[in-house]
Amino acid sequence: MPTNPLRFRLSPLLAVVGVWVFCQAAPAEERVEIIGMQVRPAGGRAVLEIDHRGTFALAPTFERVDDGYNWRVTLPKTVLKAPVSTLYSSRAKVTTLAQGVTLEVTSPSPPVPLSPKNQKTGRLSFDLGPLPEVVVKDISLKTEGEELFLEIAYQGDMKTPPKTFTLKNPERWVLDLSGELGPEQRTTLTEQETGILRLGQPRPGIVRIVANGPYSFTPRSQSNGRLVYAARLPASAPQGQRVAPALPSRSAQVPVRTQATGSTPKIAALPPLVPPVAAPEQATRLATASGNIARRGDLEAISFESGALLAPPPAPVNPTRSVLDGAVLPAAKPALAAPEPVLGNPAPRRLIARRLDLDPVNFPTSLLLSDQPEVSLDAIEAVVSQPVETLPYYPSPLETGVTRTQGLESAAVLKPGEFFQTQAFRVFGVGGGQNDDIFQNTSNSYTYGFLDGVELRLDLQGQDNNSPGLLGNTVNERFVRDLGVTSNSFQEITLQGKFRLVNEPTFKSSVVFSGTVGNRAFSFTPLQNPIEGRFERTYGQTLIPALEVPLTWQLDARTTVTLNPKLVFLPGDNAGFIPINPQLGGSFGTVGAVGLGASYSLSEHLQLRADVTPILFGNNSVNTATGLPNKTLVYNAGFRYVVNPRLALDVFASNSYGNTGVGSVVAREDVGFGASLTFIPDKFFFFDLAANHKFDKSFDLSETSDQRKAFVRGGFTFLDGGTVPEGKTYLQLKGTSNGFLASIRNGTLDDFETGYFVNFTASSVDESEAGLSTKVRFLNQAVGDPFTLSGVFTIGRTSDRFINYVRADRNAVNTAEDPFNAGRGDRGPIPPNLFGLFTERFGETLILTLSAPLQQVTENYSWWVIPKASYVQQSSRLGASDVQLAGVTVGGSLRLSKSLELMGEVTPLIQGNNILVGDRRQQTLPWSAGLRWTFDGGGGAVPGFDQTASLDLYVTNSLGLSPYQSLRAIADNGLSAGLGLNFPLQLPF
């Protein structure tokens, strides 16, 4: 067949066309073109705008650089189509990598995309954070005569005045202003200029200028975007001190520059300002560093973890940043793999600088430190130049010392929303004529910052029913039967309002109004005729108002003084806590007094506190010899131990009945002793106290939350080990062959818990006990202390079977006298009012205990020592002083596997007889032994609180698990086998 020549000529052309069509149809890799970039203001924020052509197939990626304020933004599959100079900004720098264009951005938080990323042509925007107040455009040094002038040219509205301060060792003058360095300021300082000035940004929004040597600049003028400072030139340079040679005259300008980099500006490299700690040929370097700077009262600190100061590794090719002594933190960390120590221990260490050890500074938010004997100043400033978090400091009311002393109101007012609670008690001795040995007065107060300049306080004040006691020849008691008036735990309720008048840094004044109400009823029993002569009187619920005008002076950082004139409008026939004996006569009436109080801080933990209130007119007490009203000087004196900024313990001597309102003025003639606990919680039941959140929870700036919340478990007994973490609850339930035992412990703060315990004894011979517990942690092994140490206080009430043990008579509960007309006979293991701390029958007694659990925990074993002491109320009247028990529990645990522990403890007694054998009290050794299975065994030596659920199986001869009953032993040398469940939970409040 003949061929068509045209067909052969078209075939190659068709093939070419087909290939071209296929290539057009196939997807091709498209790179987005970056054609411009700018940073512009928008609503007070800096917005980075990137003009581009093309569609972004992949989203930008963000990466933090050096754990600081620098972020690397990568735009995948992009190319530059504009000169680099047009893409430069004070907050961003563009570089090109193989995968695309990369932006190195300075921003306190990750840049936030503000526009869609799929536009074919358009603009990609990122929010870089707030705009600076000013941009520093130029800095110059000039000389004229004997003066050196520093001129700072800026653009913007300088709303925040520059802040200056001085430091020594070596001498430095520092200026901080709110703003940023302009692009022209990002070049290297010359060798000549580094002798005087250093320039940089320790963090975004702050420009820092440091003048070395004896130059101390003072402000001269500020106008038209220019600041001028002047300093006198030194007559001659001190030995070894560099000064800038041959500075030009004032007519010439010498710009000061720092190096242009894509990272956050840092202080430029300088020759050493102090001799290096290593030999000259071995310039020191700080191997690795991370930390933060914070401030608290007397403490201005930088804490950081690092290796020892090391001999230098081979110089890195691309150092990441400069430090003041010319050393660098290398980018290539493998160079530090095997460092050679130059100074001491290469293990990580922590350095703390206290403001009391430093030179005084004029500017309270300095990030620079001075006078560090442990390392060179330059090494410390090297860490300061790292990206760090500056923590604001809010001193708590417990730290400042300007709040009230124990019995005297100060002029200081809480800020709105701030809140603290105080629990206090006073103990007084008992005179003749009464079946008692101590009087206890209690107080539970709540203080709240209601509005700006307005503070409210509610104080629930209680009085022992047997007080005020013997006055003249008559026993006066706040206890009546015939009138049907029953007193409760808090008979006097005071509501107080404080209103600020003056609030200066060193002087404050306020006016205080308070009113106290109570259901007041007293009985009067003459010693000569106690039965027929006894009578009762009620005074109703009368209101007792009071007016105070406290004036408070802050003399220095440690000393506070308060002067407080006050008027208390007492009724004629009673003073709230004490009555007028109608058979003797006399009157109280209006009382005028002037209180003087002072607080002195010995350290951040310890304060001395005292107040004294002379009575100018009126009567505030009753003479114990005559029973007639008189004047008595009121006083409180003691010390406060501040466990942490949220928790304080006071121990004091006092003769006042209470703390607030009428209670702070009415006094006894004898001296008593008291203690109080004040704490600042984050929550009050269901109410969140947001204003309290700003207060620190530890004095140690390096402590982490996990370290503070470490929960050390003890042995089988209640209340040993550590404290329950804040906001958590620990429940212990034990069933034994001798009864049922339980405790619930709630963490108010990480170092402070409260709780309730019960020991129900099935035996018809031994007593039950229920009570309240308070526990404070003083040392915490998790933060580096050698062991965990706490203090525990309990107050419990026994069942009436306790009289069997006291009288050494197994049937005494049925035969003992009935002085309170409450009846005789065994009321069982759970008698009425066991939970209310009311003593009704003869054997129902209040017991107070103090103990100090000390425990050390390791990976494979743990040991503990717990001194315990008890006070049994009315033990002598009941017939036996040897029921006051004291001893020391010694115990330990051995880890058999990750979940199983073998545990045991013994408690040798120091004082008392702790067991009833037949009809005799004897002394024996309490002991416990058994196993503990932890359900989540992966928690290590000190598991997280949520990993502490466990099951106990044990045998013991102890009567119970409270501090007092762990000193007691089961009657007739009995034994008890127990199964217990311990588990953590979180209540909704």
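Let's start with a pair of charged side chains: E753 and R745 meet in a salt bridge, with 2.7 Å from N to O. Both E753 and R745 are buried. Keep in mind as we go that this is a predicted model.

A second pair reaches much further along the chain. E767 and R968 also meet through their side chains in a salt bridge, this time at 2.9 Å from N to O. E767 sits in the loop between β46 (752–761) and β47 (769–779), while R968 sits in the loop between β58 (950–956) and β59 (976–985), so the contact ties together parts that are 201 residues apart in sequence. As for exposure, E767 is buried and R968 is too. Elsewhere, R404, E409, E455 and K498 are joined into one network by salt bridges that share partners. The count for the model comes to 34 salt bridges.

One more of these pairs takes us into a set of strands. D650 forms a salt bridge with R640, and their closest N and O atoms are 2.9 Å apart. D650 belongs to strand β40 and R640 to strand β39, with their positions 10 residues apart in the chain. Here again, D650 and R640 are both buried.

So what do β39 and β40 form, and how many residues lie between them? They make a hairpin with two residues between them. Strand β39 (residues 634–644) and strand β40 (residues 647–656) run antiparallel and are joined by eight bridges. Within that pairing, Y641 has L649 in β40 as its bridge partner. Strand β39 also pairs with strand β35 (residues 606–613), in the antiparallel sense and over eight bridges. On that side, Q607 stands opposite R640 in β39. R640 is thus a handy landmark: it faces Q607 across the β35–β39 pairing, and its salt bridge goes to D650.

Now for another sheet, earlier in the chain. Five strands form an open sheet with mixed pairing, in the order β14-β10-β11-β18-β17. β14 (180–181) and β17 (218–223) stand at the edges with a single partner strand each, so one side of each has no neighbour in the sheet. Further in, strand β11 (residues 147–156) and strand β18 (residues 226–232) run antiparallel and are joined by seven bridges. E147 has R232 in β18 as its bridge partner.

Let's go back to β58 and β59, this time for the surface. L733, F740, W933, F935, L951, L953, L979 and L981 make a nonpolar surface patch of about 720 Å². β58 and β59 each supply at least two of the patch residues. One of the members, L979, is found in strand β59, and L979 is partly exposed, with a relative accessible area of 48%.

A few backbone details are worth a look too. S467 and P468 are joined by a cis peptide bond, with omega at about 15 degrees, and P468 is found in strand β25 (residues 468–471). L719 is not a glycine, yet has a positive phi of about 70 degrees. You'll find L719 in the loop between α4 (705–708) and β44 (729–736). N973 is another residue other than glycine with a positive phi, near 60 degrees, and its place is in the loop between β58 and β59. Which of these counts as buried and which as exposed? L719 counts as buried, at 4% relative accessibility, whereas N973 counts as exposed, at 51%.

Key: Residues numbered from 1 in each chain as written. Predicted model: local features only at pLDDT ≥ 70, side-chain atom pairs only at ≥ 80, totals over all residues. Heavy atoms only, no water. Pairing = 2+ DSSP bridges. Helix = DSSP H or I, 4+ residues; strand = E, 2+ residues; numbered from the N terminus. Salt bridge = Lys/Arg side-chain N within 4 Å of Asp/Glu carboxyl O. Buried < 20%, exposed > 50% of the residue type's maximum accessible area, 1.4 Å probe, protein only. Patch = residues over 30% accessible without salt bridge, like charges linked within 9 Å, V, L, I, M, F, W, Y side chains within 5 Å. Areas by Shrake-Rupley, 256 points an atom, 1.4 Å probe, with all protein chains shown as cover.
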